[in-house]
2 protein chains.
Amino acid sequence: MKKCMREGTADQRVAYYWGRVREQGQKKKDFDWPSTEVILNLAYTYDVLMLHWSKLLSRYRLSLSTMNILTILKYSQGEGHEQQELCQLLLVSRANITKLIDSLVKRGLVVRTASLLDRRVWIVKLTSAGDELFADFNPFLLKEAKRITSRLTGKEKKLLNGLFLKLRAGAAREGSLK
Amino acid sequence: MKKCMREGTADQRVAYYWGRVREQGQKKKDFDWPSTEVILNLAYTYDVLMLHWSKLLSRYRLSLSTMNILTILKYSQGEGHEQQELCQLLLVSRANITKLIDSLVKRGLVVRTASLLDRRVWIVKLTSAGDELFADFNPFLLKEAKRITSRLTGKEKKLLNGLFLKLRAGAAREGSLK
DNA sequence: TATTGTTATACTCTATAACTATA
DNA sequence: TATAGTTATAGAGTATAACAATA
């Protein structure tokens, strides 16, 4: 991976490619550069940040998904969550959440406990080992979040968060191509 | 997947969880909610948009990565690219770009041609079949980019693009945790 | 009948390291 | 020695459908 990235030049390279997209798009129907740029930027920024993030998490043998599960469970304050709720929060299918939870159970980080209200349901909870692991990685992530966003002012962060919301609203809107 | 998402409520659910993150984070050292929110928003917005995007691409039996490769090659206007350049543009390792290109070669969408300058190098180019497929999917993606960003004004799109750049600059900065 | 979760399967993507051949 | 690309391998993630138990 490292070998493929010459330090400090990735953004320039991408800019060069994007320039071509922009030029050659002009001729096309429905082309709107700022719109396209937003999508390219979202995907590329995600890749850059999450590549970095994944590397941090690999120290704890966690992926983004498993880290998210532990975090969600931690913030439930001992109540836990149904697997189905985790599906909704993580945008992961039922079949795949089963596998993710399986892997965490195997490592002793979470447990499945039966629901008293609905016998079809498992409530997933953090174990003390899971809690410890969370206490271990979470401070790093908070620090990193602060560092990564350090070039933005408070006002810009708020602005950015509002724009993200609008983007998602656009994606969810009716009339999408089926 | 669909079964796990009750229409129109995903954002509220996530907001509920984020509320807990925010509350319980307050006590912690290095916690800064707007910074954390930016990261959560980036990841979640990416997931929402790309889930949708992937569904569109699956009609063409393409993933985000393979779509990107075809697009990059298309915009090289017949010149093609070294695999190594694709690594840099896509943030994918050399080993893995080999596999991705293999799969496209197998489908007849791209070809590897020897470089005349360096005998270690393959130049990857779009075939006419690849070109046709691009002509097929690209208009949909342009339309979708426009639709997804339709809730943003032109000014907001520009703003957003600038903020993405700052985010990436922050991630790349020296002094990151090693 | 609908929902929660599991199982099975196949595919894609990623990470790592050892390897070949060129430069 | 360094670089471009390949091979091998193992693990993670995703998509789909069929299934059991329960509501």
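The following dialogue examines how several labels are assigned in a predicted model of protein chains with DNA strands.

Visitor: Why is the pairing of Asp30(A) with Lys146(B) called a salt bridge?

Guide: The N to O distance between these side chains is 3.8 Å. The cut-off is 4 Å between a side-chain nitrogen of Lys or Arg and a carboxyl oxygen of Asp or Glu, so the pair qualifies. The pair crosses between chains, with Asp30(A) in the loop between α1 (10-25) and α2 (33-58) of chain A and Lys146(B) in helix α6 (residues 128-148) of chain B.

Visitor: What makes Asp30(A) buried, partly exposed or exposed?

Guide: The relative accessible area of Asp30(A) is 22%. Buried requires under 20% and exposed requires over 50%, so a value in between is called partly exposed. Asp30(A) is therefore partly exposed. Lys146(B), with 36%, is also partly exposed.

Visitor: Which residues form a network of salt bridges with Asp30(A)?

Guide: Lys29(A) and Lys146(B) are linked with Asp30(A) in such a network. Over all chains, the count of salt bridges comes to 17.

Visitor: How do you know that Glu156(A) and Lys166(B) meet in a salt bridge?

Guide: Their side chains have an N to O distance of 2.7 Å. Since the limit is 4 Å, the criterion is met. This pair also crosses between chains, from helix α7 (residues 154-172) of chain A to helix α7 (residues 154-172) of chain B.

Visitor: Why is Glu156(A) called buried, and how is Lys166(B) classed?

Guide: Glu156(A) has a relative accessibility of 17%. Buried means under 20%, so the label applies. Lys166(B), at 32%, counts as partly exposed.

Visitor: What is known of the pair Glu156(B) and Lys166(A)?

Guide: The side chains of Glu156(B) and Lys166(A) meet in a salt bridge at 2.7 Å, N to O. Glu156(B) lies in helix α7 of chain B and Lys166(A) in helix α7 of chain A, so that the pair crosses between chains. Glu156(B) counts as buried at 17% relative accessibility, while Lys166(A) is partly exposed at 32%.

Visitor: Why can such side chains pair at all?

Guide: Pairing is possible because side chains of opposite charge can come together when their charged atoms are close.

Visitor: What makes a residue one of the 20 that surround DNA strand C?

Guide: A residue is included if one of its heavy atoms lies within 4 Å of the strand. The closest to DNA strand C are Gln84(A), Arg94(A), Thr98(A), Arg120(A) and Ser63(B). Helices α4 (83-90) and α5 (94-106) of chain A and α5 (94-106) of chain B each supply at least two residues of this surface. By class, the surface holds six nonpolar, six polar and eight charged residues.

Visitor: How do you know that Gln83(A) makes a polar contact with DNA strand C?

Guide: An N or O atom in the side chain of Gln83(A) is 2.8 Å from a phosphate oxygen of the strand. The limit for a polar contact is 3.5 Å, so the pair qualifies. A polar backbone atom of Arg119(B) is 2.9 Å from a phosphate oxygen of DNA strand C. A base oxygen of this strand lies 3.5 Å from a polar side-chain atom of Arg120(B). Of the strand's atoms within 4 Å of the protein, 53% belong to sugar or phosphate and the rest to bases.

Visitor: Which residues come nearest to DNA strand D, and how many surround it?

Guide: There are 20 residues around DNA strand D, and the nearest are Ser63(A), Gln84(B), Arg94(B), Thr98(B) and Arg120(B). The side chain of Arg120(B) places an N or O atom 2.6 Å from a base oxygen of DNA strand D. Phosphate oxygens of this strand lie 2.9 Å from a backbone N or O atom of Arg119(A) and 3.1 Å from a polar backbone atom of Trp122(B).

Visitor: Why is Leu70(A) called buried?

Guide: Leu70(A) has 0% relative accessibility. The label requires under 20%, and therefore the residue meets it. Leu70(A) is part of helix α3 (residues 64-75) of chain A. Leaving aside residues up to four places away in sequence, Leu70(A) touches Leu62(A), Leu104(A), Leu109(A), Val110(A), Leu126(A), Leu133(A), Phe134(A) and Phe137(A).

Terms used
Residues are numbered from 1 along each chain as its sequence is written. Chains are lettered from A and ligands numbered from 1 in the order in which they are written. This is a predicted model: local features need pLDDT of at least 70, side-chain atom pairs count only at pLDDT 80 or more; totals for chains, interfaces and linings use all residues. Side-chain values use heavy atoms; hydrogens and water are left out. Helices (H or I, at least four residues) and strands (E, at least two) are DSSP runs, numbered from the N terminus. Buried means under 20% relative accessible area, exposed over 50%, partly exposed in between (1.4 Å probe, protein chains only). A polar contact is a pair of N or O atoms within 3.5 Å; within protein, one must be able to donate a hydrogen and the other to accept it, and residues adjacent in sequence count only if both atoms are side-chain atoms. Ala, Val, Leu, Ile, Met, Phe, Trp, Tyr, Cys and Pro count as nonpolar, Asp, Glu, Lys and Arg as charged, and the others, Gly among them, as polar. Contact means heavy atoms within 4.5 Å.
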